[in-house]
Amino acid sequence: MRAPFSFLASLLLLTASCGDQGATSVIRTHEVFTTLTVPEGGIQSTDRSAAARDTCKRELVLDDQPVFLRRTYSNGVGNWQQGEDWFLRTGPRSGSSSSQYGFIFLHGAAQIVGNGAAYAQIAFVTRLLNELGGGLAVFPQALPLFDLRIFCPGSDEDAPEYGPPTPNAFRAQFMSAWLPPLPPNAPGSCYADPEGEQMKAWAPFFDEYVDRIERIVLDLHHRNRIPLEKIYLLGFSEGSVMAQRALISLASHDLRIGGGVGYDGIDVEVIASQETLAELGSPPLEILYFMYSEEPAILAPHADCLRQFPSLDVQLNRITGDEPARVHDVHLPLIQPTKLWIEASNKQSAAPAVEAAWFEALTEIQVKSE
């Protein structure tokens, strides 16, 4: 476990102007997330379940049915062992901290804090915080590297322990992701199996991520005096699913914050087990969720799952009917519905206004993409 999280560790301030809204400081820290409490060689799991093999064939468009899957979750090698958490302070520098917000934003799979996509997400959060009057945002780095080996067709004897895949196997590597790839759920299932091989193998990494996010929440609350109800977990793509999963995990340990916002993540089936959600009790956790980059028919089962999860009060905004899919990105027009939802003292009462802003955002996103 790392030393307690600190905004004061090895800071490099990059300052830019934000017009009339006040100054913005992007604080790049050299606090590197490299040490995980896992064996040196990582954690391996081998899955022969029909559900996992069906999912793998479908998601990776394979010609043959895999015989089994072997996953290695590790700290990675080379650049994968390095990653910086970024911090953002924006809005007026004076006034009470209680009037400011705290955001924790989780990037998508195949993204790294500090690359082009992350800069766009930092710009989104900057604008959102300025609209809300300022505050602090944290952009944690997601590590480690996934190493997924898929053997098809063949047998256990065909599986190389190290080195390149054999003719009966291939290797897929996944970059910077919060959740395990290819959730092993049977079609129509709305809950991850916590006893499944993949989920058990991933559990140590998930626990470390949640510990890390918890330290950030407590730092925002205690050191920066931001009320817990004004701290939100936000995420994009796979990060949006992780944001809600972490929100639920924190609440299960009696740390409830303002809520979660998800931008265009669809593998919601791995958010939590049915038992975990049922034990949360009341009040329900507040979640705002957007789905827009897949065809409506593809989104439908994920949307149905979100709507039926117990102990969650989800306002789901997704494309339906003949609506065209939008680009998979965090779009600036989504700031307005997000702002309305976050500012609302009663989320349910604000739902019509948020939905209207969502429809306006859809139109604006479509016009800009034409």
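How many of the residues of strand 11 are buried? The points below take up that question first, and then move outward to the rest of this predicted model.

1. Strand 11 is mostly covered, since 5 of its 5 residues are buried. The strand spans residues 259-263, and its side chains are divided between two directions: Gly259, Val261 and Tyr263 point one way, while Gly260 and Gly262 point the other way, and all are buried. As background to this pattern, in a regular strand the side chains alternate between the two faces of the sheet.

2. The neighbours of strand 11 are strand 10 and strand 12. On one hand, strand 10 and strand 11 run parallel and are joined by 5 bridges, with Leu234 standing opposite Val261 of strand 11. On the other hand, strand 11 and strand 12 also run parallel, and 4 bridges join them; here the bridge partner of Val261 is Leu288 in strand 12. Val261 is thus a convenient residue from which to follow the pairing, with Leu234 as its partner in one direction and Leu288 in the other.

3. The connections between these strands can be traced in the model as well. Strand 10, helix 4 (residues 238-252) and strand 11 make a right-handed β-α-β unit. From strand 11 the chain then crosses through helix 5 (residues 274-279) to strand 12, and this β-α-β crossover is right-handed too.

4. Turning to the aromatic side chains, the count comes to 14 aromatic pairs. One of them is formed by Phe103 and Tyr232, whose rings are arranged edge-to-face, with 6.3 Å from centre to centre and 80° between the planes. The two residues belong to distant parts of the chain, for Phe103 lies in strand 6 (residues 101-106) and Tyr232 in strand 10 (residues 231-236), 129 residues apart. Phe103 is buried, and Tyr232 is buried as well.

5. A second aromatic pair brings the reader back to strand 11. Tyr263 and Phe290 are stacked, at 5.5 Å from centre to centre and with 5° between the planes. Because Tyr263 lies in strand 11 and Phe290 in strand 12 (residues 285-291), the pair ties together parts of the chain that are 27 residues apart in sequence. Both Tyr263 and Phe290 are buried. These two residues also belong to a wider group, in which ring pairs link Phe124, Tyr263, Phe290, Tyr292 and Trp358 into a cluster.

6. Rings also meet charged groups in this model. The charged end of Arg48 sits over the ring of Phe68, 5.1 Å from the ring centre, and the charged end of Lys230 sits over the ring of Tyr101, 4.9 Å from the ring centre.

7. How many salt bridges does the structure hold? There are 4, and as a general matter, side chains of opposite charge can pair when their charged atoms come close. In one of these salt bridges the side chains of Asp219 and Arg223 meet at 2.8 Å, N to O. Both residues lie in helix 3 (residues 197-223), 4 residues apart, which is about one turn of the helix. Asp219 is buried, with a relative accessible area of 6%, whereas Arg223 is partly exposed, with a relative accessible area of 44%.

8. Another salt bridge joins the side chains of Lys339 and Glu343, at 3.0 Å, N to O. Lys339 and Glu343 both lie in helix 7 (residues 335-343), and they are 4 residues apart, about one turn of the helix. Lys339 counts as buried at 14% relative accessibility, while Glu343 counts as partly exposed at 40%.

9. A further salt bridge, between the side chains of Asp304 and Arg307, has an N to O distance of 3.8 Å. Both residues lie in helix 6 (residues 296-308), 3 residues apart, about one turn of the helix. Asp304 is partly exposed, with a relative accessible area of 44%, and Arg307 counts as exposed at 53% relative accessibility.

10. Finally, some totals place these details in the chain as a whole. The chain has 8 helices and 13 strands, and of its 370 residues, 54% count as buried. Among contacts between residues at least 6 apart in sequence, 80% join residues at least 24 apart.

Note on methods:
Residues numbered from 1 in each chain as written. Predicted model: local features only at pLDDT ≥ 70, side-chain atom pairs only at ≥ 80, totals over all residues. Heavy atoms only, no water. Phe/Tyr/Trp six-rings, centres within 6.5 Å; stacked < 30°, edge-to-face > 60°. Buried < 20%, exposed > 50% of the residue type's maximum accessible area, 1.4 Å probe, protein only. Lys NZ or Arg CZ within 6 Å of the ring centre and 35° of its normal. Pairing = 2+ DSSP bridges. Right-handed = clockwise from strand over helix to strand, strands pointing away. Contact = heavy atoms within 4.5 Å.
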